[in-house]
Each structure stands twice: as C-alpha cells, then as structure tokens.
Amino acid sequence: MGENIVEVKNLVKTYENGQVKALNDISFNIKKGEFVSIIGPSGSGKSTLLHMLGALDIPDSGSIRVGDINLEKSKKLNEFRAEQIGFIFQLHNLIPNLSVVENVEIPMFTQKISSKDQRTKALSLLKDVGIEDKAKMKPNQLSGGERQRVAIARSLANDPSIVLADEPTGSLDSKTSNKILEKLTLLNKQKNVTIILVTHDMNVAKLADRVIEVLDGKILENSEDSLLDNKISI
Ligand SMILES: Nc1ncnc2c1ncn2[C@@H]1O[C@H](COP(=O)(O)OP(=O)(O)OP(=O)(O)O)[C@@H](O)[C@H]1O
C-alpha cells in the first residue's frame, strides 16, 4: 500500500439552490488496496460522497482524482465507470427480464471478450458468491440476500480497481450479511481491490482498515463528537 488511488480536495455539493449543503468542503485520500468504511448519521452526506466518487453526480466545486482520472475534467466518465468501478448499491438494479447470469454479464459487454468467455466468467463469479445454481433464474425468483450476491458478482465482472458499496448488507439477515462481508474482505485482501463502503452498522464499519466519519457534510476530525468513540447508535 503506497500510492493514493483516490484524492478528494475541497469537495462541495449542495442541493436546493445551495440551501442544503450535502458535502461541505471535504478533503481526504484513499490508498490503493485500502478498505475504508464511511459512517455517519442519516443525511450526513455519505451516499452523496459515494455518488461523487463513482462519477454518478457532479460536485459544485472541488476536485476528485480516481486513479489517473480527474473526474471534474474528464470527458470519458462513461468509460471510467465501466472500466474502473464496481457499484454495489442497496437497490441492486438488476434487470428483471434478464436471468441472473445475464445480469452478471452486463458490465462485460464493453470488454473485448467472447460471449463464451463472458458466460464462463459470470458463472465463476456466481460460484464465488455461492449462487451458481440460481444462474438461470430471474431476479424476482431470488431472496433479497441472493439478489445482493448477484449484485456483488456483477460489480466484479469488469475487474474494477475500486468497489463502491452503499449499505451492501443493509436489509440482510446476519448470516447472509456475514457471507457478503467475507467476500468483500477476501476480494480486498487477495486481489488488492480498493473498497469504499458506506454503512450505518458500526460492526461492519470496523472490518475496514480505516473508518471515515461524516457529520453534516464534513469529515469529523474531532474525536469528541466521534460515533466510534462514544458508541452512539446511528
Ligand atoms: N437529490 C437531492 N435533492 C435534494 N437534497 C438531497 C438530494 N440528495 C441528497 N440530498 C440531501 O443531502 C443531504 C445528504 O444526503 P445523503 O443521501 O448523502 O445522506 P446519507 O448520509 O447517505 O443518509 P442516509 O444514511 O439516510 O442514506 C441530506 O440532507 C439529503 O436530504
């Protein structure tokens, strides 16, 4: 672990004509291969921050560098998202009329690999998350936890350098949740994939190498207010 894969400087994002300051001058770095969790109360700006890192939304001001790309300057954000980022969001956005394995193949469409190899890779990713036997089913035939595992398999199909996960275990039972966290941790340790995970759950947050706390759109530097230290429930 040495170089920074993410550098965020003075990031500001407002909504409602500037009335809501979702991110209020945030700066931080994340190293390649780091597993970072982002915690904070509801409305503190966590999801907004994750969206900015994945170039899903545009900041008002400030800069974000991810790998070689300066997001505010780049004209190739579609490629950036398709090639660099694995997204795991709670509403997993699986396509209902495609089978599970076809859903996992979606991020590979832009890659130069044959459809046969795409299928082999998708099945192997499903195997990794323990649901290869459901490959031919449609998402609505799966439980919430199984769908989340499909979303994880899909997020890895483009061999991302960074996985952005927004409450990936939010609505899952503790057994499924543990399985998913185990997969993410393995991915981080074995493949050196950088993981940035937003969570409300302190036990999940603590699995990370580092916890970034967000409060009112700012990163909490002062430990007096720390949720971690005070064990305030969030
Ligand atoms: N599209 C939007 N339009 C207006 N306000 C928004 C929009 N998205 C977010 N906000 C506001 O920005 C602030 C930060 O929201 P954000 O979703 O980033 O919080 P969060 O920490 O992820 O919350 P939660 O834990 O509840 O998901 C909140 O005050 C929210 O109401």
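**Ligand shell, sheet and nonpolar core**

Helix α1 contributes the most to the shell around the ligand, supplying 3 residues. The structure described here is a predicted model. Both β2 (20–31) and α1 (46–53) provide at least two residues each to this shell. The residues that surround the ligand are Y15, E16, V20, A22, G40, S42, G43, S44, G45, K46, S47 and T48. When these are sorted by class, the shell around the ligand comprises 7 polar, 3 nonpolar and 2 charged residues.

An open sheet is formed by 6 strands, arranged in the order β6-β7-β8-β3-β9-β10, with mixed pairing. Its edge strands are β6 and β10 (218–219), each of which pairs on one side only. The pairing of β6 with β7 is parallel and extends over 4 bridges. Residue F87 is positioned opposite L164 of β7. L164 also belongs to the largest nonpolar core, where it is one of the residues with the most contacts.

This core contains 55 residues, and those with the most contacts inside it are V104, L126, A153, L164 and I196. Two of these residues, L126 and A153, are considered in turn below.

L126 is located in helix α4 (residues 115–128). The residue counts as buried because 23 other C-beta atoms lie within 10 Å, and the threshold for burial is 20 or more. With residues up to four places away in sequence left out, L126 touches V100, V101, V104, I131, E132, A135 and A153. By contact, L126 is thus linked to V104 and A153, both of which are among the core residues with the most contacts. The C-alpha atom of L126 is separated by 17 Å from that of N178, a residue 52 places apart from L126 along the chain.

A153 is one of the buried residues of helix α5. Apart from its neighbours within four places in sequence, A153 is in contact with V104, L125, L126, D128 and V129. Helix α5 itself (residues 144–155) has 12 residues and spans 16 Å from its first C-alpha to its last, close to the 16 Å expected at 1.5 Å a residue. The helix is mostly covered, with 9 of its 12 residues buried. These buried residues are R147, Q148, R149, V150, A151, I152, A153, R154 and S155. They pack against β6 (85–88), α3 (100–105), α4, β7 (162–166) and α6 (174–191). The buried residues of α5 therefore meet β6 and β7, two strands that pair in the parallel sense.

Conventions: Residues numbered from 1 in each chain as written. Predicted model: local features only at pLDDT ≥ 70, side-chain atom pairs only at ≥ 80, totals over all residues. Contact = placed C-beta atoms within 7 Å. Expected span 1.5 Å × (residues − 1). Near = placed C-beta within 6 Å. Nonpolar A, V, L, I, M, F, W, Y, C, P; charged D, E, K, R; others polar. Core = buried A, V, L, I, M, F, W, Y, C linked by C-beta atoms within 7 Å. Pairing = 2+ DSSP bridges.
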